[in-house]
Structures are given as structure tokens and as C-alpha cells.
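Student: Take me through one part of this model up close, please. I'd like the sheet pairing first, and then how that part fits with the rest of the chain.

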Amino acid sequence: MTLPEITAAIQSVKTGINIVRGFNQLKTEFEVKSATLELLNSIIDVQNNLLTIQASYQSLFDSKSEIEKELVNLKNWETTKLNYALKQISPGCFVYVMKDAQNSTDNSYWLCANCFNTKNHKSIFQRKYASGEDVVCHSCNAELNIPSKTQHQIPKPTGW
Ligand SMILES: [Zn+2]
């Protein structure tokens with residue numbers, strides 16, 4: 001796709017070239033001044049079109065950089081996702097947990113399934129109150145109300 005400003009700039013350059021080629025055929029000072037003014041207008045048209053083209057190029061370059069950044073983030077997320085699995089911690093309560101969480105005390109946490117699936121983001125559930133078992137996601141405000149007597153199907157995070 002060609003920007004219309006490129007076509008217009010090319011046309012203005014052609015007009016300028018024709019004006020310059022016709023200079024030696026001009027007879028009067030008035031004709032020279034008119035041709036000079038016409039040439040100046042052609043140069044101004046080229047300049048304006050080039051400024052518009054420059055702005056368009058910068059906009060496209062910024063969009064391209066943003067898309068490349070999003071692509072890298074998506075690829076990284078796809079790799080990260082492979083390390084987690086959806087688990088039901090109590091009836092109707094689903095979280096993502098690290099696949100090898102049982103083998104590592106450092107990686108024992110529950111991730112918000114909403115943030116995981118809709119925002120491509122890891123948000124760790126935090127206990128809502130120091131003494132209770134209800135948890136909240138501080139990213140999307142999702143809450144899981146976990147009855148204290150619930151038999152968790154997976155281990156609770158370390159320290160609970
Ligand atoms: Zn969340």
C-alpha cells in the first residue's frame with residue numbers, strides 16, 4: 001500500500017523539475033518571478049508530504065515495536081503456563097498450582113485462575129484475614145471462601 005502523500009510528493013517533484021527545465025525559455029522578469037514562486041510552492045508541497053510520511057512511518061514503527069513486545073510476552077507466557085496445572089482445592093474452587101509444587105517448598109502457592117486465563121498473569125492468592133482460610137486475589141479481587149473444615153485435595157501453601 002502506498003501512502004497518498006508519497007504519490008503527491010513524487011508529483012510535486014515532477015512539477016518542480018518541469019519548472020526548472022522551462023526556466024531558460026522565460027523572457028520577462030514577471031515570468032521568472034512567477035516560475036520561481038511556482039517552484040517554491042512545489043518544494044513546500046514536497047516538504048509537507050515528507051513530514052506527513054515521517055509521522056506515518058513513526059506511528060507504524062511504534063506499532064511494530066509494541067506488537068513485537070506483545071509477541072515476546074505471549075511466547076514467554078506460553079512457556080510459563082507449561083509449569084502450572086489447574087487444580088480443584090475444594091469443591092468448586094479452582095486454582096493453578098506449580099506442577100512440581102509437592103517437591104519444592106519455595107513454589108507452594110495458589111494462583112488466581114481468572115488472572116491466569118484472562119490476563120496471562122500470575123497473581124498469588126493471599127489469605128484475606130490472618131486467622132481465616134479465605135483467600136483473595138489482589139489483582140482482580142477474586143475471592144475464594146474456603147470452609148475451614150474442607151479437606152483440601154491439594155496441599156495448602158506453605159505456612160498456612
Ligand atoms: Zn485474579
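Tutor: Let's begin with what counts as pairing: two strands pair if DSSP finds at least two bridges between them. Strands β2 and β3 (residues 111-112) have two bridges joining them, and they run antiparallel. One of the contacts in that ladder can be named: Y96 has L111 in β3 as its bridge partner. Keep in mind throughout that this is a predicted model.

Now turn to the other neighbour of β2. Strand β1 (residues 84-90) pairs with β2 (residues 93-98) over six bridges, again in the antiparallel sense. Y96 turns up here too, since L86 stands opposite Y96 in β2. So you can trace a path through Y96, with L86 opposite and L111 as the bridge partner in β3. By the turn, S90 has C93 as its bridge partner in β2. β1 and β2 make a hairpin with two residues between them, and G92 in that turn has a positive phi of about 85°.

Put the pieces together and you get an open sheet of three strands in the order β1-β2-β3, with antiparallel pairing. β1 and β3 are the edge strands; each has a single partner strand, so one side of each is left without a neighbour in the sheet. As for side chains, in a regular strand they alternate between the two faces of the sheet.

What does this sheet have to do with the core? The largest nonpolar core has 13 residues, and those with the most contacts inside it are V95, Y96, W110, C112, A113, F116 and F125. The elements giving two or more residues to this core are β2 and α3 (113-118). Y96, then, is listed among those core residues and also has that bridge partner in β3. The general background is familiar: in soluble globular proteins, nonpolar side chains tend to be buried together.

C112 is worth a stop of its own. Leaving out residues up to four places away in sequence, C112 touches S123, F125, C137, S139, C140 and A142. F125 is another of the core residues with the most contacts.

That leads us to the second sheet. Here, too, three strands form an open sheet with antiparallel pairing, in the order β4-β5-β6. β4 (126-127) and β6 (143-144) stand at the edges with a single partner strand each, so each has one side without a neighbour in the sheet. Strand β5 (residues 135-136) pairs with β6 over two bridges in the antiparallel sense, and V136 stands opposite E143 in β6.

Two loops around here have backbone angles you may want to check by eye. N120, in the loop between α3 and β4, has a positive phi of about 50° although it is not a glycine. N120 is partly exposed, with 14 other C-beta atoms within 10 Å. N141, in the loop between β5 and β6, is not a glycine either, yet has a positive phi of about 65°. N141 counts as exposed, with 9 other C-beta atoms within 10 Å.

Now zoom out. The chain has three helices and six strands, and along the sequence they follow the pattern α-α-β-β-β-α-β-β-β. Of its 160 residues, 11% count as buried. Among contacts between residues at least 6 apart in sequence, 40% join residues at least 24 apart.

What about the helix ahead of β1? Helix α2 (residues 29-81) has 53 residues and reaches 77 Å from its first C-alpha to its last, close to the 78 Å expected at 1.5 Å a residue. α2 is hardly covered: two of its 53 residues are buried. One residue to look at there is I53, which lies in α2. I53 is partly exposed, with 16 other C-beta atoms within 10 Å. Setting aside residues up to four places away in sequence, I53 touches L3, E5 and I6. I53 and I6 are 47 residues apart in sequence, and their C-alpha atoms are 7.2 Å apart in space.

How values were computed
Residues numbered from 1 in each chain as written. Predicted model: local features only at pLDDT ≥ 70, side-chain atom pairs only at ≥ 80, totals over all residues. Helix = DSSP H or I, 4+ residues; strand = E, 2+ residues; numbered from the N terminus. Expected span 1.5 Å × (residues − 1). Buried ≥ 20, exposed ≤ 12 C-beta atoms within 10 Å, placed from the backbone. Core = buried A, V, L, I, M, F, W, Y, C linked by C-beta atoms within 7 Å. Contact = placed C-beta atoms within 7 Å.
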